Amino acid sequence: MLGPKQEAQGALFYEFSIEDHVPQEHLLRSIDRFVDLSSIRPHLAEFYSHTGRPSIDPELLIRMLLVGYCLGIRSERRLCEEVHLNLAYRWFCRLGLEDKVPNHSTFRLTGTVASETVMCSVRCLNVLCASAWMPDWSR
């Protein structure tokens, strides 16, 4: 006998943690151990206006650019789509499930300052990672 069609009813409350869904061995977890952008705001404060619409968090933009650089995503539009869909990218960017990903056009407007900051961060990451993975020949 053919049963009735099951209609999916959304739950009223969900308990979900992105942290639990990003594998411990994921590349972005390794990178996150070295990235501390908590002091970036004072350095970039002079580039932000005190009037108009609220700005996008500079740490979010830099983290998104790091994701793009480290994972070979060259298009800003594609980067925004990937961050929107991928839980590990959202975790690294400190975005919750309900948080909006910035529009791809934001990167064109903030490109120079953010790109220079990201390139500096990536150079530091390359040095740190290279030294962390260098074999210890002293033994």
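**Exercise 1. Determine which residues Val83 touches, leaving aside those up to four places away in sequence, and place Val83 in the nonpolar core.**

Solution.

Step 1. In this predicted model, the residues touched by Val83 are Met64, Tyr89, Arg90, Cys93, Leu95 and Val101, when residues up to four places away in sequence are not counted.

Step 2. The largest nonpolar core has 27 residues, and within this core Met64 and Val83 touch the most other members.

Step 3. At least two residues of this core come from each of α1 (27-34), α2 (40-44), α3 (58-70), α4 (76-85) and α5 (87-92). Helix α3 makes the greatest contribution, namely 7 residues.

Step 4. A general tendency offers context: in soluble globular proteins, nonpolar side chains tend to be buried together.

**Exercise 2. Describe the secondary structure of the chain and state what share of its residues is buried.**

Solution.

Step 1. The chain contains 7 helices and 0 strands. Read from the N terminus, the order of elements is therefore α-α-α-α-α-α-α.

Step 2. Of the 139 residues in the chain, 32% are buried.

Step 3. Among contacts in the chain with a separation of 6 or more, 66% are made by residues 24 or more positions apart.

**Exercise 3. Identify the residues linked with Asp32 in a network of salt bridges, and resolve the network into its pairs.**

Solution.

Step 1. The structure has 6 salt bridges. Asp32, Glu59, Arg63 and Arg94 are joined in a network of such bridges.

Step 2. Consider Arg63 and Asp32: their side chains form a salt bridge with an N to O distance of 3.1 Å. Arg63 belongs to helix α3 and Asp32 to helix α1, and this pair connects distant parts of the chain, 31 residues apart.

Step 3. Consider next Arg94 and Asp32, whose closest N and O atoms are 2.9 Å apart in a salt bridge. Because Arg94 lies in the loop between α5 and α6 (105-109) while Asp32 lies in helix α1, this pair ties together parts that are 62 residues apart in sequence.

Step 4. The remaining pair to consider is that of Arg63 and Glu59, whose side chains form a salt bridge at 3.0 Å, N to O. These two residues are 4 residues apart in helix α3, so about one helical turn separates them.

Step 5. Burial is assigned from relative accessibility. Arg63 has a value of 2% and therefore counts as buried. Asp32 has a relative accessible area of 15% and is therefore also buried. Arg94, at 44%, counts as partly exposed.

**Exercise 4. Which aromatic rings lie beneath the charged ends of Arg29 and Arg63?**

Solution.

Step 1. For Arg29, the ring is that of Trp91: the charged end sits over this ring, 4.6 Å from its centre.

Step 2. For Arg63, the ring is that of Phe92, with the charged end sitting over this ring at 4.9 Å from its centre. Arg63 also takes part in the salt bridge with Asp32 and in the salt bridge with Glu59.

Step 3. A count of aromatic pairs, by contrast, gives 0.

**Exercise 5. Explain why Cys80 and Cys93 do not form a bond with each other.**

Solution.

Step 1. The search of the whole structure yields 0 disulfides.

Step 2. The cysteine sulfur closest to that of Cys80 is in Cys93, at 9.6 Å. A disulfide requires sulfur atoms within 2.5 Å, so the sulfurs of Cys80 and Cys93 are too far apart for a bond.

Step 3. The relation holds from the other side: for Cys93, the closest cysteine sulfur is that of Cys80.

Step 4. Cys80 is buried, with a relative accessible area of 9%. Cys93 likewise counts as buried, at 4% relative accessibility. Cys93 is also one of the residues touched by Val83.

**Exercise 6. What is the sign of phi at Arg94, and where does this residue lie?**

Solution.

Step 1. Most residues other than glycine have a negative phi.

Step 2. Arg94 is not a glycine, yet its phi is positive, at about 60 degrees.

Step 3. Arg94 is located in the loop between α5 and α6, and its relative accessibility of 44% makes it partly exposed.

Terms used. Residues are numbered from 1 along each chain as its sequence is written. This is a predicted model: local features need pLDDT of at least 70, side-chain atom pairs count only at pLDDT 80 or more; totals for chains, interfaces and linings use all residues. Side-chain values use heavy atoms; hydrogens and water are left out. A nonpolar core is a set of buried Ala, Val, Leu, Ile, Met, Phe, Trp, Tyr and Cys residues joined through side-chain atoms within 4.5 Å. Buried means under 20% relative accessible area, exposed over 50%, partly exposed in between (1.4 Å probe, protein chains only). Contact means heavy atoms within 4.5 Å. A salt bridge is a side-chain nitrogen of Lys or Arg within 4 Å of a carboxyl oxygen of Asp or Glu. Rings of Phe, Tyr and Trp (its six-membered ring) pair if their centres lie within 6.5 Å; planes under 30 degrees apart count as stacked, over 60 as edge-to-face and the rest as tilted. A charge sits over a ring if NZ of Lys or CZ of Arg is within 6 Å of the ring centre and within 35 degrees of the ring normal.
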